[in-house]
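The questions below go through a predicted model. Each answer ends on the value or name asked for.

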Amino acid sequence: MTYKEKKLEDWNVTDFHNYMGDKHKEMFGIAYQPYINWGAEKGQLGTFVGTARKKGEVSKEVAKRFIDIIFEEHKPTPRYPGVSFGSNYSHRTYLIQRAEMEVFQEKKKAEKREETNNVDYSSLSNLL
């Protein structure tokens, strides 16, 4: 089963790497390459999103949002035609905070929509 067929909360390190590989090819037309090497980046990604044995630093929603941000912000150049998780995880940690904030704000908006949708209309009819 691929990441496309799984719920985000069920993604693992390999699923995140496959997501980045597909996104990289789609956006930049070239294969994804890790920052240092595959083993090092898998370790970083495992620390970030968690593994079967340990909890990650952030939720899977935050991790995916961070990845989406680094892809959206990357401007390819001849020297840096692609983007990598490892480089951004190591050197652009402020984007992790941005991802956390955006996910938090999205959840708050969803909660407000849910509250609005759960209005008790029976008490409103008494007012009319």
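Q: Is His17 buried or exposed, and what is its relative accessible area?
A: A residue counts as buried when its relative accessible area is under 20%. His17 meets that cut-off and is therefore buried, with a relative accessible area of 6%.

Q: In which helix is His17 found?
A: The helix in question covers residues 13-28. His17 is found within that run, in helix H1.

Q: Which residue is joined to the side chain of His17 by a polar contact of 2.8 Å?
A: Leaving aside neighbours within four places in sequence, His17 is in contact with Tyr32, Trp38, Glu41, Lys42 and Leu45. The side chain of Lys42 is joined to that of His17 by a polar contact of 3.4 Å. The polar contact of 2.8 Å runs from the side chain of His17 to that of Glu41.

Q: How far apart are the end C-alpha atoms of helix H2, and what span should its residues give?
A: Helix H2 takes in residues 38-49, which makes 12 residues. The expected span is 1.5 Å times one less than the number of residues. For H2 this should come to 16 Å, and the end C-alpha atoms agree, because they are also separated by 16 Å.

Q: Which residue caps the N-terminal end of H2?
A: At this end, the backbone nitrogen of Gly39 has a side-chain oxygen 3.1 Å away. That oxygen belongs to the capping residue, Asn37.

Q: What covers the buried residues of H2?
A: The buried residues in H2 are Glu41, Gln44, Leu45, Gly46, Phe48 and Val49. Their cover includes H1, helix H3 (60-73), helix H4 (85-91) and helix H5 (94-117).

Q: What phi does Gly50 take?
A: Gly50 comes just after H2. Its phi is positive, at about 95°.

Q: Why is the pair of Tyr3 and Trp11 called edge-to-face?
A: The model has 11 aromatic pairs. In the pair of Tyr3 and Trp11, the ring centres are 5.2 Å apart. Planes over 60 degrees apart count as edge-to-face. The planes of these two rings stand at 80°, so the pair is edge-to-face.

Q: What is the angle between the planes of Trp11 and Phe16?
A: Trp11 and Phe16 also form an edge-to-face aromatic pair, 5.0 Å centre to centre. The angle between their planes is 75°.

Q: What is the relative accessible area of Phe16?
A: Ring pairs link Phe16 with Tyr3, Trp11 and Tyr19 into a cluster. Within this cluster, Trp11 is buried at 6%. Phe16 is buried too, with a relative accessible area of 0%.

Technical notes. Residues are numbered from 1 along each chain as its sequence is written. This is a predicted model: local features need pLDDT of at least 70, side-chain atom pairs count only at pLDDT 80 or more; totals for chains, interfaces and linings use all residues. Side-chain values use heavy atoms; hydrogens and water are left out. Helices (H or I, at least four residues) and strands (E, at least two) are DSSP runs, numbered from the N terminus. Buried means under 20% relative accessible area, exposed over 50%, partly exposed in between (1.4 Å probe, protein chains only). Contact means heavy atoms within 4.5 Å. A polar contact is a pair of N or O atoms within 3.5 Å; within protein, one must be able to donate a hydrogen and the other to accept it, and residues adjacent in sequence count only if both atoms are side-chain atoms. Rings of Phe, Tyr and Trp (its six-membered ring) pair if their centres lie within 6.5 Å; planes under 30 degrees apart count as stacked, over 60 as edge-to-face and the rest as tilted.
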